[in-house]
Amino acid sequence: MTEKATSEAPACGLEETTSESAHVPLTEPSGDTAAPQAPGGEQAPRGQQASDPQESARQPPDPAASAAPAGPAATDPALPREDVPSAPLLLAVEDVSDSSVTVSWEPPERLGRLGLQGYVLELRREGALDWVPVNARPMMVTQQTLRNLAVGDKFFVRVAAVSSAGAGPPAVLERLIHIQETIEAPKIRVPRHLRQTYIRQVGESINLQIPFQGNPKPQALWTHNGHALDSQRVSVRTGDQDSILFIRSAQRSDSGCYELTVQLKGLEAKAAINILVIEKPGPPRSIRLLDVWNCNATLEWTPPQDTGNTELLGYTVQKADKKTGQWFTVLERCHPTSCTVSDLIVGNSYSFRVFSENLCGLSASAAVTKELAHIVKTDIVAKPKSFVERDFSEAPSFTQPLADHTSTPGYSTQLSCSVRASPKPKIIWMKNKMDIQGDPKYRALSEQGVCTLEIRKPSPFDSGVYTCKAINVLGEASVDCRLEVKGEA
């Protein structure tokens with residue numbers, strides 16, 4: 001059986017909390033189990049009275065028992081030993097915190113003939129003589145938690161089993177219980193955005209809130225580049241769970257490594273935060289016009305003396321012609337310190353200026369060329385190169401000869417070949433060594449060196465050897481083929 005009870009100790013101001021019940025046989029008590037307060041500061045449970053009023057009336061009072069101070073260990077000598085329970089077993093401390101302590105025990109070996117009514121837990125402060133009961137009535141529990149204790153309290157505890165016949169001998173914990181603060185090692189949790197370099201611009205505020213853990217409250221200490229903070233520029237507020245560093249108007253001198261150290265009784269945790277305060281860079285120190293040719297101009301400049309406490313992203317180059325005076329950007333984020341501006345208009349005069357650029361933007365001013373770049377229109381004089389004409393004259397030669405061919409009567413057929421010659425050759429077609437020029441049955445074509453002879457509806461009579469001859473002033477060449485026109489079966 002499990003019970004949960006709450007009791008209050010008026011003598012010491014300690015509060016008893018929920019506890020587990022003892023797994024022992026339980027008998028129904030015959031009367032009230034509340035223990036009165038003894039003159040010596042101890043509490044004698046009422047269970048010492050006889051459960052039967054008639055039996056208690058027949059027993060004479062014991063003068064020694066009335067003279068001795070009452071307590072859980074004080075029993076009536078007239079009662080048989082079997083009626084009183086023995087001392088609880090295995091009294092031990094289960095847990096100790098900075099405001100509570102939990103003790104437990106086991107039921108006694110002998111419960112007594114009248115049955116167990118409960119347990120009474122008492123404590124005695126260090127240096128005191130009196131035992132103070134924690135619970136006013138016996139409770140059927142084998143574990144109790146004392147809460148609302150003060151740090152630094154030192155005391156002993158004991159517990160006694162109580163039956164209707166009285167309280168048995170107590171089990172005393174020899175160990176002195178000392179309530180001390182629970183120490184939790186300090187730990188710093190740096191926000192994600194502060195784990196890399198934290199960049200701010202000049203004039204902006206810096207507000208760093210760094211949470212930490214530790215019990216009791218640890219001591220937080222800030223340093224800047226290993227030195228103490230300037231209290232006139234930097235303010236720090238440390239709470240129970242975080243530390244806040246605040247700078248109202250950041251300057252470049254505030255850049256550096258800020259280290260937070262959290263210390264607690266010999267333990268410490270550290271976290272470093274890098275802050276970079278930047279501003280716009282200065283302009284390039286000088287610029288000059290190196291060369292102007294055709295529609296191009298070459299510029300060169302020197303880097304700025306002040307980069308704004310950060311690296312440059314590049315340079316922006318602009319141009320303006322003398323007529324309009326309007327500036328136009330021609331190059332952005334140019335990394336070299338020289339460039340060539342092209343596509344300038346002939347007849348115009350140009351000025352150039354260069355800005356520096358970093359994370360804050362372009363420099364407030366620019367470096368401007370002192371002289372103008374005049375794009376002059378120059379006279380163009382054609383100078384033709386001497387040309388040596390090549391002689392391509394060539395005697396005729398056939399690059400693709402005629403091929404023997406077989407044709408069917410009544411179906412037109414073609415004979416083709418290719419010739420190369422310069423000047424253009426004259427083409428003569430012959431059949432069986434006879435010139436066939438002008439014969440309407442044949443049609444001769446020549447285009448781009450390809451010579452073709454078309455024979456319209458040939459008959460077996462048109463079979464024979466055909467010759468293509470090419471002639472020019474440098475010579476002549478010819479090719480032959482045989483045409484066979486098959487007769488009808």
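**Note on the predicted model**

1. In this predicted model, the largest nonpolar core has 22 residues, and the members that touch the most others are Val101, Val103, Leu146, Phe155, Val157 and Ile177. Four strands give two or more residues each to this core: S3 (89-96), S4 (101-106), S5 (116-125) and S8 (154-163). Another core lies apart from it and has 21 residues, including Val190, Leu194, Ile206 and Leu260.

2. On the overall make-up, the secondary structure comes to 38 strands and 2 helices. The protein has 489 residues, of which 41% count as buried. Taking contacts between residues at least 6 apart in sequence, 65% join residues at least 24 apart. The exposed area is about 28200 Å², with carbon and sulfur atoms supplying 49% of it.

3. The cysteines can be dealt with briefly. A disulfide is a covalent bond between the sulfur atoms of two cysteines. The structure holds 0 disulfides. For Cys334, the nearest cysteine sulfur belongs to Cys339 and is 5.4 Å away. Because a disulfide needs two cysteine sulfur atoms within 2.5 Å, that distance of 5.4 Å leaves Cys334 in no disulfide. Cys334 is buried, at a relative accessible area of 12%. Cys481 is likewise in no disulfide, the nearest cysteine sulfur being that of Cys417, 8.5 Å away. Cys481 is buried, with a relative accessible area of 3%.

4. Next come the charged pairs. Side chains of opposite charge can pair when their charged atoms come close. The structure holds 13 salt bridges. One of them joins Asp254 and Arg233, whose closest N and O atoms are 2.5 Å apart. This pair links distant parts of the chain, 21 residues apart: Asp254 sits in the loop between strand S18 (242-247) and strand S19 (256-264), and Arg233 in the loop between strand S16 (227-228) and strand S17 (235-238). Asp254 counts as buried at 5% relative accessibility, whereas Arg233 counts as partly exposed at 32%.

5. Another salt bridge runs between Arg288 and Glu300, with 2.9 Å between the closest N and O atoms. Here the partners are in strands: Arg288 belongs to S21 (residues 287-293) and Glu300 to S22 (residues 296-301), 12 residues apart. Arg288 is partly exposed, with a relative accessible area of 49%. Glu300 is partly exposed too, at 29%.

6. Asp462 and Lys441 form a salt bridge as well, the closest N and O atoms being 3.3 Å apart. Asp462 lies in the loop between strand S36 (450-455) and strand S37 (464-472), and Lys441 in the loop between strand S34 (434-435) and strand S35 (442-447), so the pair ties together parts that are 21 residues apart in sequence. Is Asp462 buried or exposed? Asp462 is buried, with a relative accessible area of 2%. Its partner Lys441 counts as partly exposed, at 26% relative accessibility. Elsewhere, salt bridges that share partners join Arg252, Glu279 and Asp306 into one network.

7. Asp462 deserves a further look. Which residues is Asp462 in contact with, leaving aside its neighbours within four places in sequence? They are Lys431, Lys441, Tyr442, Ile455, Lys457, Leu483 and Val485. Lys441, the salt-bridge partner of Asp462, is thus on that list because its heavy atoms meet the contact cut-off of 4.5 Å.

8. The last point concerns aromatic rings. A pair of aromatic rings is described by the distance of the centres and the angle of the planes. The structure holds 4 aromatic pairs. One of them is formed by Trp301 and Tyr315, at 5.6 Å centre to centre and with 65° between the planes. Because an angle over 60 degrees counts as edge-to-face, the pair of Trp301 and Tyr315 is edge-to-face. Trp301 is in strand S22 and Tyr315 in strand S23 (residues 314-321), so that the pair links distant parts of the chain, 14 residues apart. Trp301 counts as buried, at 3% relative accessibility. Tyr315 is buried, with a relative accessible area of 5%.

Notes. Residues numbered from 1 in each chain as written. Predicted model: local features only at pLDDT ≥ 70, side-chain atom pairs only at ≥ 80, totals over all residues. Heavy atoms only, no water. Buried < 20%, exposed > 50% of the residue type's maximum accessible area, 1.4 Å probe, protein only. Core = buried A, V, L, I, M, F, W, Y, C linked by side-chain atoms within 4.5 Å. Areas by Shrake-Rupley, 256 points an atom, 1.4 Å probe, with all protein chains shown as cover. Salt bridge = Lys/Arg side-chain N within 4 Å of Asp/Glu carboxyl O. Phe/Tyr/Trp six-rings, centres within 6.5 Å; stacked < 30°, edge-to-face > 60°.
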